[in-house]
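Visitor: I have a structure to look over. Can you walk me through parts of it?

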Amino acid sequence: MQKYGVNELRRMFLEFFESKGHLAMKSFSLVPHNDKSLLLINSGMAPLKPYFTGQEIPPRRRVTTCQKCIRTGDIDNVGKTDRHGTFFEMLGNFSFGDYFKKESIGWTWEFLTEVVGLDPDRLYPSIYLDDDEAFEIWNKQIGIPADRIFRFGKEDNFWEHGSGPCGPCSEVYYDRGEKYGCGKPGCTVGCDCDRYMEIWNNVFTQFDNDGHNNYTELEQKNIDTGMGLERLACVVQDVDSMFDIDTLCALREHVCRMAGAEYGKDYDTDVSIRVITDHIRSVTFMISDGILPSNSGRGYVLRRLLRRACRHGRLLGIQGSFLLELAETVIEGSKDGYPELEEKKDFIFKVITKEEEQFNKTIDQGLSILAGMEAEMDKKGEKVLAGEEAFRLYDTYGFPVDLTKEILEEKGLQIDEEGFEKAMKAQRETAKGTFGEHNYMGADVTIYESIDPSVTTEFVGYENLNYDSQVTVLTTEDEIVDALSDGDQGTIFVEQTPFYATSGGQEADTGVIRTADFEFRVEDVKKLLGGKIAHIGRVTKGMVKVGDRVSLEVNTTKRALSARNHSATHLLQKALRTVLGNHVEQAGSSVNENRLRFDFTHFSALTEEEIQKVEQIVNEQIRRHLPVKAENMPIEEARKTGAAALFGEKYGDIVRVVSMGDFSIEFCGGTHVANTGVINAFKIISETGVAAGVRRIEALTSNGLLAYYEETEKKLAEAAKLMKTTPEKLAEKLSHLLAENKALKSELESVKSKMAKSAMGDVMNQVTEVKGVKLLAAKVEGVDMNGLRELGDQLKEKLGEGVIVLASAVNGKVNLVAMATEGAMAKGAHAGNLIKGVAALVDGGGGGRPNMAQAGGKNPAGIDDAVAKAAEVLGGQIS
């Protein structure tokens with residue numbers, strides 16, 4: 001048997017099924033499209049769900065893919081064994097109501113034995129207990145002896161997830177030989193050892209489960225198969241594990257060279273090598289699909305994988321940043337099947353570099369603090385780190401709790417997860433809200449999913465703003481109906497529409513659908529699965545019935561203004577890439593008739609000079625009156641033009657390419673101006689950060705910009721009137737006023753500082769010691785909050801290391817300030833928690849950071865008790 005490489009096997013599989021009439025589709029993005037049930041694509045079938053459920057009509061009834069997948073359910077075991085990994089490629093062939101068991105099983109056998117060349121005598125099929133049809137095919141058609149066909153129960157050989165389509169499956173196992181076995185006398189297919197490896201699973205979707213385990217035959221039976229590319233490569237190349245196949249072995253050996261280590265000599269070293277090898281693959285592919293590090297959702301998965309790889313690099317003794325170099329090896333080994341890796345290389349490198357640098361700044365301090373906590377636990381004979389301590393590491397030093405947990409587990413220790421969760425509740429709830437619970441097949445079911453899949457809508461709005469068409473479907477919010485009457489809220493579907501549905505960041509058109517006796521106000525337009533366009537709104541006159549001929553009229557003013565803003569985003573993106581660099585990618589946008597918002601990848605705030613340069617470039621292109629042209633072309637041809645595409649967007653075989661003279665070219669399905677001069681003018685009104693590595697620009701054009709200038713002039717005139725001057729002399733007037741105010745403030749602060757020092761007297765003789773930490777808790781007369789903070793800073797300098805608590809009453813109100821030095825914090829002191837502990841005694845509340853906090857209160861009579869309480873609260877913090 002020839003030892004084919006990973007890239008060869010991928011190509012052989014896809015070409016084999018193309019020869020059987022299958023459409024070879026490119027791998028879908030790792031980001032699920034219109035599917036809230038998944039965080040990341042985790043199987044070959046996942047992105048094809050709409051075809052299986054009938055929500056979309058597949059491009060062909062026979063399809064084959066090699067799908068990139070990520071599973072993180074057992075991330076903690078990755079590295080500990082050579083079986084576990086987060087990233088894998090799933091080969092699959094699928095039938096949507098076309099062929100069934102006979103063809104599926106036959107082609108499985110043909111590919112494995114005749115194309116790949118596996119020894120037929122080492123292949124063992126398994127079937128569902130009662131699937132005699134599959135048994136007959138394996139036994140009679142393929143010629144496998146009955147004693148080599150294994151029947152297993154529901155747990156192993158029946159695929160279902162609650163209610164809905166389900167069915168038996170047939171798996172194929174390969175006998176890798178005695179060297180991989182457990183040596184037990186009864187070792188055979190189904191044994192937990194590595195001898196018999198499952199390489200292919202054929203799922204025969206032939207039943208419908210009503211949710212109560214009552215099964216009926218499906219009218220349309222489907223085929224869903226899956227074969228792990230890495231597993232197949234293990235068998236073909238006759239190697240121990242996926243970490244030894246050609247592409248991963250090259251990556252693994254690169255890690256070894258960087259670490260000066262040898263794989264297979266030491267268990268702990270091997271664990272770290274496997275973690276890095278696996279995680280850098282996931283990281284590289286995730287970023288190529290537009291996923292960026294964050295603290296929730298799939299962005300958190302990325303951040304966790306990247307930081308886990310960083311930490312294991314340190315365990316191997318790799319100095320400094322190293323992941324970028326490994327990402328290059330991932331790209332080199334996988335670009336044959338995934339050319340987008342090469343296309344997005346610069347961006348991938350920037351994201352990895354930024355995140356690795358950021359983590360390297362926090363990890364040393366975090367490891368040092370954790371080591372101190374471990375020493376204290378050892379001293380006390382404790383095995384569980386308090387949840388509050390784990391939270392302090394996370395909250396104060398940015399140290400991930402997963403890393404804390406992993407490090408402790410390596411030493412036989414644990415963290416109090418319940419205590420940590422309690423402290424983290426607010427953050428956890430925020431992150432949890434990112435992905436709710438949904439039914440298995442994706443987003444929450446709506447009435448739209450009950451519409452016949454053959455119903456589609458043709459968009460004719462590029463050329464027309466008014467169009468006559470026939471009504472095909474009508475719905476209310478919860479049912480399909482034959483008619484809608486005056487006052488009804490509902491949705492209208494037609495054969496052709498000029499209305500643009502919300503897509504690609506551009507908000508939907510509004511307008512009217514009418515006949516002589518009927519009128520429907522279109523408030524929103526949505527693009528649904530299967531090429532349907534939903535016109536959502538309310539009937540304001542008369543009645544409409546399915547089959548009626550109606551006139552669809554788009555609000556022309558809104559469309560024209562939206563087009564100006566949309567075209568401006570294209571000019572903006574090119575200007576940003578010109579000024580900032582080619583790493584800039586669109587990360588989102590929102591365009592309507594009033595303004596435009598554009599999110600893009602960049603790792604620092606734009607300077608005033610950069611903003612001005614971007615504005616100048618955009619306005620220059622507007623003044624050039626560039627012609628705007630849109631052209632439909634095959635996606636491969638479009639890519640060759642250099643047209644910019646949106647990260648993670650699902651494109652078909654034919655794409656629309658919009659060009660603006662010789663300046664900008666992008667994939668875009670939106671509406672645009674005929675030439676850039678129509679935009680009139682462009683102005684950036686804000687530039688902010690929205691996530692790690694993502695910036696946001698808000699800007700105005702045309703009517704929106706004129707309205708902005710009118711409002712600005714109005715406010716300027718009002719401000720000048722208040723200052724008793726003219727708009728032209730307002731800046732000069734304000735400059736004089738600010739200088740005068742600064743002088744008065746300085747004089748006032750000087751007086752207040754002298755008064756505070758005078759009121760305080762010599763308090764250094766009031767310093768006490770609490771468990772080895774110096775504490776100065778004192779009462780001061782008549783000092784406001786600013787004065788207390790300034791006084792605290794002065795006393796902290798005199799104290800050196802320790803904690804300061806100051807209290808003062810002013811006009812019947814209490815001011816409290818607490819401060820802790822670095823040394824005190826390292827021993828457990830937390831100013832925020834300390835202030836909370838004493839503020840109740842003055843009928844107040846407050847909080848703050850570990851190093852500084854403040855509070856207010858209503859009961860000056862409690863000040864003495866609050867000052868006295870400080871020592872007790874601090875004592876409870878110091879370990």
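Guide: What follows covers two helices, a cavity and one aspartate. The model is predicted.

Visitor: Start with α10. How far apart are its end C-alpha atoms, against the span it should have?

Guide: Helix α10 runs over residues 323-334, twelve residues in total. At 1.5 Å a residue that should span 16 Å, and the end C-alpha atoms are 16 Å apart, which agrees.

Visitor: Which residues of α10 are buried?

Guide: Leu323, Leu326, Ala327, Val330, Ile331 and Ser334. Looking down the axis of α10, the buried residues fall within an arc of 150°, so they line one face of the helix.

Visitor: And what covers the buried residues of α10?

Guide: The cover includes α7 (246-259), α8 (267-288) and α9 (297-315). It also includes α11 (340-343) and α12 (345-380).

Visitor: Different topic. How many cavities of 30 Å³ or more are there?

Guide: Three cavities reach 30 Å³ or more. The largest has a volume of about 100 Å³.

Visitor: Which residues are closest to the centre of the largest cavity?

Guide: Its lining has 14 residues, and the closest to the centre are Thr247, Leu248, Arg281, Gly333 and Ser334. Ser334 is also among the buried residues of α10.

Visitor: Which helices supply at least two residues of that lining?

Guide: α1 (6-18), α7 and α10 each do. The largest share, four residues, comes from α10.

Visitor: How does the lining divide into nonpolar, polar and charged?

Guide: Five residues of the lining of the largest cavity are nonpolar, five are polar and four are charged.

Visitor: Now α18. What span should it have, and what does it have?

Guide: Helix α18 holds 16 residues, 608-623, and at 1.5 Å a residue should span 22 Å. Its end C-alpha atoms are 23 Å apart, which agrees.

Visitor: Which residues of α18 are buried, then?

Guide: They are Ile611, Val614, Glu615, Ile617, Val618, Asn619, Gln621 and Ile622. What covers them includes α17 (556-580) and β28 (682-691).

Visitor: What phi does histidine 625 take?

Guide: Histidine 625, just after α18, takes a positive phi of about 50°.

Visitor: Last one, aspartate 132. Where is it found?

Guide: Aspartate 132 is in helix α4, residues 132-142. It is partly exposed, because its relative accessible area is 47%, and partly exposed covers values between 20% and 50%.

Visitor: How far is aspartate 132 from arginine 151?

Guide: The two are 19 residues apart in sequence and 9.8 Å apart in space, C-alpha to C-alpha.

Terms used:
Residues numbered from 1 in each chain as written. Predicted model: local features only at pLDDT ≥ 70, side-chain atom pairs only at ≥ 80, totals over all residues. Heavy atoms only, no water. Expected span 1.5 Å × (residues − 1). Buried < 20%, exposed > 50% of the residue type's maximum accessible area, 1.4 Å probe, protein only. Arc of directions from axis to C-beta. Contact = heavy atoms within 4.5 Å. 1 Å grid on protein atoms, 1.4 Å probe; cavity = no way out; pocket = protein on both sides within 12 Å on 5 of 7 lines; lining within 4 Å. Points joined across faces, edges and corners; volume = space filled by probe spheres on them. Nonpolar A, V, L, I, M, F, W, Y, C, P; charged D, E, K, R; others polar.
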